[in-house]
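The exercises below are meant to be worked with the coordinates open in a viewer. Try each task before reading its solution.

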Amino acid sequence: MTIPASNKSRDTSRSSLIVTKITQFITKMNLAPLPRNYELFFEVLSGHNAAMGHDILALGNAPQQHDIDMIGHKHNLPSFSRMAAAHATSQAATAIEQISARLSAALERSEALLASISNHPVSDTTPEYLAELLLDIQHEQASLHNFVRQGLEKIREQESNSHKLQAASLKDTLTALPNRAAFLAKLAEVSQAEGDTSVCLVLVNIDRFREINEKYGTIAGNKALRRLAALFRKSIKKDDFAARIGGNDFAFLFSGVSQSTAQSIAERLRHTVENLRFATKEGDGEHLTVSMGVAASEGTASAAEFYGHAELALLAARSGARNCVIPYSREVAQRSRNSYLMQIGA
């Protein structure tokens with residue numbers, strides 16, 4: 001895919017700033033430059049997971065890698081979940097190797113017993129000798145049965161843990177919606193799908209959510225996020241997809257609709273959110289508003305380009321009056337790029 005020069009400039013400038021900050025944090029905390037550490041700090045420094053940022057700060061200036069890994073597991077980051085799944089797979093493989101070794105030992109033991117019978121003089125083969133031999137064989141079989149049973153139970157347990165880790169790694173713990181990892185996988189899937197089915201992406205940002213958290217506290221903010229997630233879940237059709245992809249960011253994927261139809265759907269969602277009121281201990285409640293960017297998959301060559309179009313539309317919505325829905329267009333993209341470049345001083 002050939003990326004326009006303006007796209008390259010914007011993406012390169014933004015990525016360079018984030019990578020620089022990540023490198024500084026990793027160096028400051030004396031952590032190894034592992035890929036999973038870069039993933040974790042990217043989620044924090046790009047603003048996708050404020051709660052994880054609080055957990056990192058609570059570790060102090062010199063956290064251990066084990067503590068970082070625990071936070072990565074807690075927040076279901078893909079690299080950390082894959083590491084845990086790999087560990088579970090390794091344990092299952094170890095159990096299989098132990099079973100195989102035990103079976104080999106049992107086979108050797110059986111062959112030795114049979115050889116002893118063949119080499120034993122017939123005149124000395126008394127009922128007592130045969131009874132003792134059969135008892136040895138029975139003990140060996142019972143021991144082997146128990147060992148194999150325990151090994152299979154361990155393998156089943158590891159498989160179950162692996163499935164749970166995989167499921168947990170794709171779900172947002174606060175809202176129970178699919179998380180950013182699940183969204184990126186779904187986005188790649190629909191972008192690679194063959195056929196002429198139109199897919200539209202809607203990115204959602206809650207307006208001034210930081211102010212709400214500062215005014216009412218994170219507990220109230222989390223309640224608002226759960227309330228909003230429940231509303232989104234009820235508002236979409238079975239084949240549509242909704243996810244929480246950041247602290248106060250959501251995403252929708254609609255199949256088989258045009259950009260104008262997706263814009264109308266987004267407008268209805270925006271109006272519904274505007275009428276939503278979440279309870280606070282200070283009074284009757286507070287209203288939320290959202291800014292939304294809409295883009296269609298037509299004319300895009302990759303998931304990154306598709307996402308980039310929706311992101312530019314969202315940036316345009318957030319740069320204006322907010323509480324609005326902006327569809328992607330070349331004009332909107334150019335205004336958004338210019339606005340972003342001005343912000344970073346490029």
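Two strands are taken to pair if DSSP finds at least two bridges between them. The model used throughout is a predicted one.

**Exercise 1.** Determine in which sense β1 and β6 pair, over how many bridges, and which residue in β6 stands opposite valine 204.

Solution. Begin by locating the two strands, β1 at residues 199-206 and β6 at residues 290-296, which pair in the antiparallel sense over 7 bridges. With the pairing established, look across from valine 204, and the residue standing opposite in β6 is methionine 292.

**Exercise 2.** Work out the strand order of the open sheet of 5 strands and state which strands stand at the edges.

Solution. Reading across the sheet gives the order β2-β3-β1-β6-β7, and the pairing is mixed. The next step is to count partners: β2 (241-244) and β7 (325-327) each have a single partner strand, so one side of each is left without a neighbour in the sheet, and these two stand at the edges. From one strand to the next, the twist averages 15 degrees. Finally, add the helix that lies across β1, β3 (249-255), β6 and β7, namely α11 (residues 303-319), which runs at about 145 degrees to β6.

**Exercise 3.** Describe how β2 is connected to β3, and decide whether the residues on the two faces of β2 are buried or exposed.

Solution. Start from the connection, which is a hairpin that joins β2 to β3 through 4 residues. The two strands run antiparallel and are joined by 4 bridges, and arginine 244 stands opposite phenylalanine 250 in β3. Then take each face in turn, using under 20% relative accessible area as the cut-off for buried: Phe241 and Ala243 on one side, and Ala242 and Arg244 on the other, are all buried, and both faces of β2 are therefore covered.

**Exercise 4.** Classify the packing of α3 against α4 by angle and handedness, and name the residues that meet.

Solution. Helix α3 (residues 50-58) and helix α4 (residues 65-74) pack at an angle of about 160 degrees, their axes being 11 Å apart. Because angles over 145 degrees count as roughly antiparallel, α3 is roughly antiparallel to α4. The crossing of the two helices, α3 and α4, is right-handed. On the α3 side Met52, Asp55 and Ile56 meet Ile68, Ile71 and Lys74 on the α4 side, and sorting the residues of this contact by class gives 4 nonpolar, no polar and 2 charged.

Note on methods. Residues are numbered from 1 along each chain as its sequence is written. This is a predicted model: local features need pLDDT of at least 70, side-chain atom pairs count only at pLDDT 80 or more; totals for chains, interfaces and linings use all residues. Side-chain values use heavy atoms; hydrogens and water are left out. Axes are lines fitted to C-alpha atoms, for helices over the stretch in contact, and angles run from 0 to 180 degrees between N-to-C directions. Angles under 35 degrees count as roughly parallel, over 145 as roughly antiparallel, 65 to 115 as roughly perpendicular and the rest as oblique. A crossing is left-handed if the near helix is turned anticlockwise from the far one by less than a right angle, and right-handed if clockwise. Contact means heavy atoms within 4.5 Å. Ala, Val, Leu, Ile, Met, Phe, Trp, Tyr, Cys and Pro count as nonpolar, Asp, Glu, Lys and Arg as charged, and the others, Gly among them, as polar. Buried means under 20% relative accessible area, exposed over 50%, partly exposed in between (1.4 Å probe, protein chains only).
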